[in-house]
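This briefing is intended for a reader who is meeting the structure for the first time. Please look over the sequence and the model before turning to the points below.

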Amino acid sequence: MAEHSYSNLYPLKVCLFLLVSNYFIVSHAQEYQHLIIYGQSLSVANQSWPPLSITPVDGNYMIGNQIWTNFENTDLTHLTPLIADVASTTTTLPKKRDSYIYAECPLVAATNHIQLKTGGKYKFIASSCGTGGKTIEELSKEYYNPVYYQDFTNTLTYASSITSSIHCPAIFWMQGEQNYTTPQGSEGLTAGSAPCEDKATYKSLLLKIKNNLQANIMKQYNQTDAPLFITYQAGVQYTRGDSVAIGMAQLEASNENKDIVCAGPVYAMTDRGGHLDPNGYRWFGEMLGKVYYKTKILGEDFKPLQPLEIMRMDDSKKLKIRFLVPQPPLVLDTKTLDIMTGLGFEIFVNGSSVELWKVDVDNDCVYLTCGSDLTGDVEVIYAGTNNIGHGNLRDSDAYPAFFNYLDLDKKNSDKSYVYERDASETTLRPWYEPKDSDGIIYNKPYPLYNFCVAFYYKLKAGADSYRVPHLSTGISQTSLDTDTKVYLEGGALKIKSQLSGIFHIDLLDISGKTVAAFPVDRSNSQEALSFRLPSLSKGIYFVRIISSKRNSVSRLFVK
């Protein structure tokens, strides 16, 4: 048994993986970077009057007179400064909350965020080319009448006719509601066929459309790298079915494929009954910008807040869920959004709903206490149909936004409204507005917490735990730590670290499997943290330290 462990002594394969992960900063010689958003109504900002992002940010452009290359864009041969404006096809609609006006496209805020975050290093072209109310099949290249996919390929043609010095680093995908609700008239790939509603088929179609989009871009722009595919998770009021099939398909695709990143759900953003309002679109645009910055600029392996493992406890009425938390600790937030039943959680045992008495959080874990024994098949649902796709669980990410939440009913000194509306419209505000301890967050930055994705998992009868597949324990997201020493002394693990706010320690084997986990009580101000270890075989282990500021990993060698 013995000692010595410093993070600069990582085994070669882990060290190389971390270095690649942390320094994968893409730089291209092309003059313009083209960011494209494709999908259905949320991608085109349906119901988003009034536009908020009306001041251009230097270095950001759009093709013609609007960000949409479809919807009667009248100039497809020139670049103009990027702003949020009303799409030509919707300019005559009433200026009301329920009007299907396209105004504040989320890609505007995403592009502005990236530009401001990178200090004007790039020139960006931003383009939206989706169509509201379409299934994934109707948006696909294989659709029997691929007019919507042609809107995407036309966007590439327009951009490359303006400049040959162009590269596309990322595609943003916002679609899924139509496959949840499948209203009459929606189609599958062939004329008159029904669109898919199941997880497996949707995931297969998602991978296919991703591959097609990437291939078209690489061919048109003569680039050798495939654009990153950044998706959100569809849901909110459109969610249907206990298994949240479409949202789970998007989540699983991102967990299983390195070129797909899930930026998370939209239920925390202000909405108008499913579509977001302009604050909500701009807010989620900043989320997209944040995820782009973390992945494409910093090279991080971003994963949204989601479960890692579901476990039975000695108390047969309780479940423990350990989460992959981008920035601990977990929080049950009833200010940013309204409180939901069970704070978003539901439990079924052997197919029947059971009463959820209590939801507690502790660091990276949620504890669910129910009114009856959890024996047999246990199904755990979060942000499902019964909660209209919403929940209250988030992390503590303090990543800053650039733009503020605005009061859409603000008035000028003469009592006129700052934001124009039809005389018959009583308010432009959403049904619920985010709050902090001081009240509604008017004129404060959008909070960019990572809210938990909607999910459905089953813990089968006879199994003590269920581990979510394709998720690592977070080594690839953790920094190398040269200020921490870990060692063995008298059969105990000792840790000396300069990190503040440490609240959890994991011991991992060489494969990344958790060998032991230790909560930390820092009210004890000992010089070194000490934990009794199980018997360990000889070999290399890793000690992951989770703090309120950041995570770190150090190496432990057992002789």
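The points that follow are grouped by topic, from the whole protein to single residues.

The structure is a predicted model. The protein has 559 residues, of which 58% are buried, and its secondary structure comprises eight helices and 28 strands.

**Confidence**

- Mean pLDDT for the protein is 90, and 90% of the residues reach 70 or more.
- Residues 1-27 have pLDDT under 50 throughout, and the model gives this stretch 63 contacts beyond four places in sequence.
- A further stretch with pLDDT under 50 covers residues 474-480, for which there are 25 contacts beyond four places in sequence.

**Overall organisation**

- Of the contacts between residues at least 6 apart in sequence, 75% join residues at least 24 apart.
- The protein has an accessible surface of about 22,000 Å², and carbon and sulfur atoms account for 50% of that surface.

**Nonpolar cores**

- In soluble globular proteins, nonpolar side chains tend to be buried together.
- The largest nonpolar core here contains 134 residues, and the members that touch the most other members are Y38, I230, F284, F323, F345 and I347.
- Helix α8 (residues 278-297) supplies the largest share of this core, with nine residues.
- Another core lies apart from the largest one; this second core has 20 residues, including I495, I505, V543 and I545.
- Leaving aside residues up to four places away in sequence, F345 touches I321, F323, L356, V359, V366, L368, I381, Y382, N387, L393 and F455.

**Aromatic pairs and cluster**

- The model contains 25 aromatic pairs.
- One of the pairs is formed by Y38 and Y149, whose rings meet edge-to-face, with 6.5 Å between centres and 85 degrees between planes.
- Because Y38 belongs to strand β1 (residues 32-39) and Y149 to helix α4 (residues 147-162), this pair ties together parts that are 111 residues apart in sequence.
- Both partners are buried: Y38 has a relative accessible area of 0%, and Y149 has one of 4%.
- One aromatic cluster is made up of Y267, F323, F345, Y382, Y449, F451, F455, Y457 and Y466. Two of these residues, F323 and F345, are also listed among the members of the largest core that touch the most others.

**Charges over rings**

- The charged end of K95 is placed over the ring of W49, at 5.3 Å from the ring centre.
- K411 lies over the face of Y417, and the distance to the ring centre is 5.0 Å.

**Backbone geometry**

- Most residues other than glycine have a negative phi, and most peptide bonds are trans. The following places depart from one or the other of these patterns.
- The peptide bond from W49 to P50 is cis, with omega near 0 degrees. P50 is situated in the loop between α2 (41-44) and β2 (60-63).
- P328 and P329 are likewise joined by a cis peptide bond, with omega about 0 degrees. P329 is part of the loop between β9 (318-324) and β10 (331-332).
- A383 is not a glycine, yet its phi is positive, at about 55 degrees. This residue lies in the loop between β15 (378-382) and β16 (393-394), and it is buried, with a relative accessible area of 1%.
- K415, also a residue other than glycine, has a positive phi near 75 degrees. K415 occupies the loop between β16 and β17 (435-436), and its relative accessibility of 63% places it among the exposed residues.

**A buried loop residue**

- L471 is found in the loop between β20 (465-467) and β21 (479-480).
- Is L471 buried or exposed? Its relative accessibility is 9%, which is under the 20% limit, so L471 counts as buried.
- Which residues does L471 touch, not counting those up to four places away in sequence? They are N255, K303, Q306, P307, L308 and L324.
- L471 and E256 lie 215 residues apart in sequence, while their C-alpha atoms are 8.3 Å apart in space.

Key:
Residues numbered from 1 in each chain as written. Predicted model: local features only at pLDDT ≥ 70, side-chain atom pairs only at ≥ 80, totals over all residues. Heavy atoms only, no water. Core = buried A, V, L, I, M, F, W, Y, C linked by side-chain atoms within 4.5 Å. Buried < 20%, exposed > 50% of the residue type's maximum accessible area, 1.4 Å probe, protein only. Helix = DSSP H or I, 4+ residues; strand = E, 2+ residues; numbered from the N terminus. Contact = heavy atoms within 4.5 Å. pLDDT = per-residue confidence, 0-100. Areas by Shrake-Rupley, 256 points an atom, 1.4 Å probe, with all protein chains shown as cover. Phe/Tyr/Trp six-rings, centres within 6.5 Å; stacked < 30°, edge-to-face > 60°. Lys NZ or Arg CZ within 6 Å of the ring centre and 35° of its normal.
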